[in-house]
Amino acid sequence: METIRRMIEHQQWADRRLLETLEQDGGVSPEALKLFRHILIAEQVWAVRLEGRDSSHLQLWAGEDDPGALERLLEDNARCYDRILAGLSEERLDELLEYRSQSGAPFSNSIRDILAHVALHGQYHRGQINRLVREGHGEPPALDYIVFARTDA
């Protein structure tokens with residue numbers, strides 16, 4: 001449970017650091033904002049599913065890319081994951097969750113695997129965004145887990 005909790009804490013830390021960079025960089029590419037929004041919506045999709053609700057109304061690649069709206073979504077997600085994690089035990093992590101994908105296909109995965117996916121999916125796209133920041137002559141933030149672990153110590 002502790003490893004999953006730390007992965008989600010890292011996710012929230014990295015999301016916040018990246019948003020700060022995107023807000024400071026006035027010339028941020030629309031593609032970077034689109035990818036960041038995708039990260040946050042994907043996190044929201046999985047949180048909704050983990051709470052036993054339908055996620056089909058959420059659009060992974062469309063919507064508001066305004067940094068203020070993204071900040072609100074980031075904070076809503078953080079509160080939601082904090083609530084989800086507070087209600088989980090080590091034993092429950094291996095429970096299967098049945099859900100439907102955004103296209104309606106049925107799936108079943110363990111809560112542990114879903115939470116690991118959430119943390120890893122975001123890291124993949126944060127790397128893409130950092131590349132875009134660098135290409136726009138900005139300074140991308142260090143978002144590696146070990147940097148988080150060092151600052152959290």
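Is Ser110 buried or exposed? The exercises below work through this and related points.

The structure is a predicted model, in which local features need pLDDT of at least 70 and side-chain atom pairs count only at pLDDT 80 or more, while totals for chains, interfaces and linings use all residues. Residues are numbered from 1 along each chain as its sequence is written, and side-chain values use heavy atoms, with hydrogens and water left out.

**Exercise 1. Classify Ser110 and list its contacts.**

Step 1. Locate the residue: Ser110 is in strand β2, residues 106-110. Strands (E, at least two residues) and helices (H or I, at least four) are DSSP runs, numbered from the N terminus.

Step 2. Apply the accessibility classes: buried is under 20% relative accessible area, exposed is over 50%, and partly exposed lies in between (1.4 Å probe, protein chains only). Ser110 has 9% relative accessibility and therefore counts as buried.

Step 3. Collect the contacts, meaning heavy atoms within 4.5 Å. With residues up to four places away in sequence not counted, Ser110 touches Leu93, Asp94, Glu95 and Leu96.

**Exercise 2. Find the partners of Arg83, Glu90 and Glu95 in salt bridges, and give the accessibility of the residues involved.**

Step 1. Set the criterion: a salt bridge is a side-chain nitrogen of Lys or Arg within 4 Å of a carboxyl oxygen of Asp or Glu. Side chains of opposite charge can pair when their charged atoms come close. The structure holds 10 salt bridges.

Step 2. Take Arg83. Its salt-bridge partner is Glu51, with the closest N and O atoms 2.8 Å apart. This pair links distant parts of the chain, 32 residues apart: Arg83 is in helix α3 (residues 67-86), and Glu51 is in the loop between α2 (30-50) and α3. Glu51 has 29% relative accessibility, so this residue counts as partly exposed.

Step 3. Take Glu90. The side chain of Glu90 meets that of Arg112 in a salt bridge at 2.9 Å, N to O. Here too the pair links distant parts of the chain, with Glu90 in the loop between α3 and β1 (96-100) and Arg112 in helix α4 (residues 111-135), 22 residues apart. Glu90 is partly exposed at 34% relative accessibility, and Arg112 is partly exposed at 23%.

Step 4. Take Glu95. Its salt bridge is with Arg92, the closest N and O atoms being 3.3 Å apart. Relative accessibility is 37% for Glu95, which counts as partly exposed, and 32% for Arg92, also partly exposed.

Step 5. Look for shared partners: Glu51, Arg53 and Arg83 are joined into one network by salt bridges that share partners.

**Exercise 3. Describe how α1 and α4 pack.**

Step 1. Obtain the geometry. Axes are lines fitted to C-alpha atoms, for helices over the stretch in contact, and angles run from 0 to 180 degrees between N-to-C directions. Helix α1 (residues 2-24) packs against α4 at about 25 degrees, with the axes 10 Å apart.

Step 2. Classify the angle: under 35 degrees counts as roughly parallel, over 145 as roughly antiparallel, 65 to 115 as roughly perpendicular and the rest as oblique. α1 is therefore roughly parallel to α4.

Step 3. Assign the hand. A crossing is left-handed if the near helix is turned anticlockwise from the far one by less than a right angle, and right-handed if clockwise. The crossing of α1 and α4 is left-handed.

Step 4. Sort the contact by class, where Ala, Val, Leu, Ile, Met, Phe, Trp, Tyr, Cys and Pro count as nonpolar, Asp, Glu, Lys and Arg as charged, and the others, Gly among them, as polar. The contact of α1 with α4 has 13 nonpolar, five polar and three charged residues.

**Exercise 4. Describe how α2 and α4 pack, then examine Ile39 and Leu132.**

Step 1. The packing angle of α2 and α4 is about 175 degrees, with axes 9 Å apart. The two helices, α2 and α4, are therefore roughly antiparallel.

Step 2. The residues of this contact of α2 with α4 comprise 13 nonpolar, six polar and three charged.

Step 3. Ile39 lies in α2 and is buried, at 0% relative accessible area. Residues up to four places away in sequence aside, Ile39 touches Asp15, Gly122, His125, Arg126 and Ile129.

Step 4. Leu132 lies in α4 and is buried, at 15%. Leaving aside neighbours within four places in sequence, Leu132 contacts Ser29, Glu31, Ala32 and Leu35.
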